[in-house]
Number of protein chains: 2
Amino acid sequence: MTTDEAEATRPVTRIQREKQEVILEAALDVFSKFGFRGSTIDQIAEAAGMSKPNLLYYFKSKEDIHAPLLARILDTWLEPLREMDPAGDPLPEIQSYIRRKLEMSRDFPRESRLFANEMLRGAPGFYDILHTDLKNLVDEKAKIIKGWMAQGKLAKTDPYHLIFSIWATTQHYADFDIQVRAVLGRERGAEGRFEDAARFLDQLFLHGLSPKK
Amino acid sequence: MTTDEAEATRPVTRIQREKQEVILEAALDVFSKFGFRGSTIDQIAEAAGMSKPNLLYYFKSKEDIHAPLLARILDTWLEPLREMDPAGDPLPEIQSYIRRKLEMSRDFPRESRLFANEMLRGAPGFYDILHTDLKNLVDEKAKIIKGWMAQGKLAKTDPYHLIFSIWATTQHYADFDIQVRAVLGRERGAEGRFEDAARFLDQLFLHGLSPKK
DNA sequence: AATTTTTTTGACCGATTGGAAAAATTCTAG
DNA sequence: CTAGAATTTTTCCAATCGGTCAAAAAAATT
């Protein structure tokens, strides 16, 4: 009953599923570059290889294309953090969190930029979630990290800013990709850049910059 | 003669200087939130407290408002890096670079976001500068850092990624301000947040997360 | 005070925007 | 093959966009 209702609300034929995917894919390209306000339906339609009215047959407004993209992202984005295991060893646990986050930057740069765009304009579509789901998750993980620190398994620092610094350093490679590439030149391909980044971040987070005496 | 010419090219009366400043100030507000394409002249005009045609009397196009803002920024933005002194002690030198960069994030968040917006859309107005001025400066400073490492005054890591990580962590507090605030709650004011960030970044970059044995 | 220059306003323009409506087409189930 | 549903195209619309222009108003100069 309710299942029928739900399916009736968003009826999905084969072609609908396909085209909706194509549209979201195209919209991700466009929105991630220009943000919501800077993107146009025509632009998305062209990227999706269809006419604007045809696109509007599948999503009835610009907002309706944008919203599911956002909803999808935050979840994906926080998955690596959710996976951080309180039962594991602190340093390897954090190390692999950084690694996973960096891989997401490499594999989903558009998603990262879409998220960044949303933050820059004040996250109007995210505001509630940030203060509830996100905050709760970070609070929970911060507590775990604090526990590790109390056990002497981790240097004592602010766990919140630790998480911020992991977000910042990893996402930087997606969001500021242009800058990173300009500075590094084309001597090293994308894979190489991410390998170097991974190595550096390991060093930074594990030992910092002080020389071993 | 040439001076007269130059002044004649951009004649500046008292009221022109003032209004141009007001406009750029308002434009920074708007552009930093919505990016170039997402911002409208009307929006800027309203923020500047004048009519659109009046604004266009001072800047003849949207581009003409945007361009000087960008030009102004990159210079300001790289100043802290320029100040990094090869003759100084490595660790304090890097530490104070981080501090200066963090202060810029605190004091000029809109500039930071404008810059981020420009990067996200592929930095069309920055492309040349990134590959010349920026790359040269970073190359130069990377060489200095490498020298320090060779002298054993600094742990051996990739100097480029070190610089990236400093950019990323410090700018994060401006660009993702909304998220940072949502997570930290209002228990601690803006000053407190930046103090905590400064302390954490010192710890991270100097010693990393490994516990002292 | 008269005049010239600078600033502001209001009315307007063509292009682009997000979107609606309906006709034309294609697909699919019987 | 055919009726009905799903999809696509064509045409259109009001609002907003970046920007122009001439006239009015305000300042500055004489």
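Over which residues of chain A does pLDDT stay under 50, and how many contacts beyond four places in sequence does the model have for them? The stretch is residues 1-9 of chain A, and the model has 0 such contacts for these residues, where a contact means heavy atoms within 4.5 Å and pLDDT is the predictor's confidence in each residue, from 0 to 100. Where pLDDT is low, the predicted coordinates should not be read in detail. Chain A as a whole averages a pLDDT of 92, with 93% of the residues scoring at least 70.

This is a predicted model, in which local features need pLDDT of at least 70 and side-chain atom pairs count only at pLDDT 80 or more, while totals for chains, interfaces and linings use all residues. Residues are numbered from 1 along each chain as its sequence is written, chains are lettered from A in the order in which they are written, and side-chain values use heavy atoms, with hydrogens and water left out.

The model encloses 5 cavities of 30 Å³ or more, a cavity being a set of points on a 1 Å grid over the protein atoms alone where a 1.4 Å probe fits but cannot get out, with lining residues having an atom within 4 Å of a point.

| Cavity | Space | Lining |
|---|---|---|
| Largest | About 130 Å³ | 10 nonpolar, 4 polar and 2 charged residues |
| Second largest | About 90 Å³ | 5 nonpolar, 5 polar and 4 charged residues |

Among the residues nearest the centre of the second largest cavity are A:Phe36 and A:Arg121, and α2(A) gives the largest share of its lining, 6 residues.

Conventions. 1 Å grid on protein atoms, 1.4 Å probe; cavity = no way out; pocket = protein on both sides within 12 Å on 5 of 7 lines; lining within 4 Å. Points joined across faces, edges and corners; volume = space filled by probe spheres on them. Nonpolar A, V, L, I, M, F, W, Y, C, P; charged D, E, K, R; others polar. Helix = DSSP H or I, 4+ residues; strand = E, 2+ residues; numbered from the N terminus.
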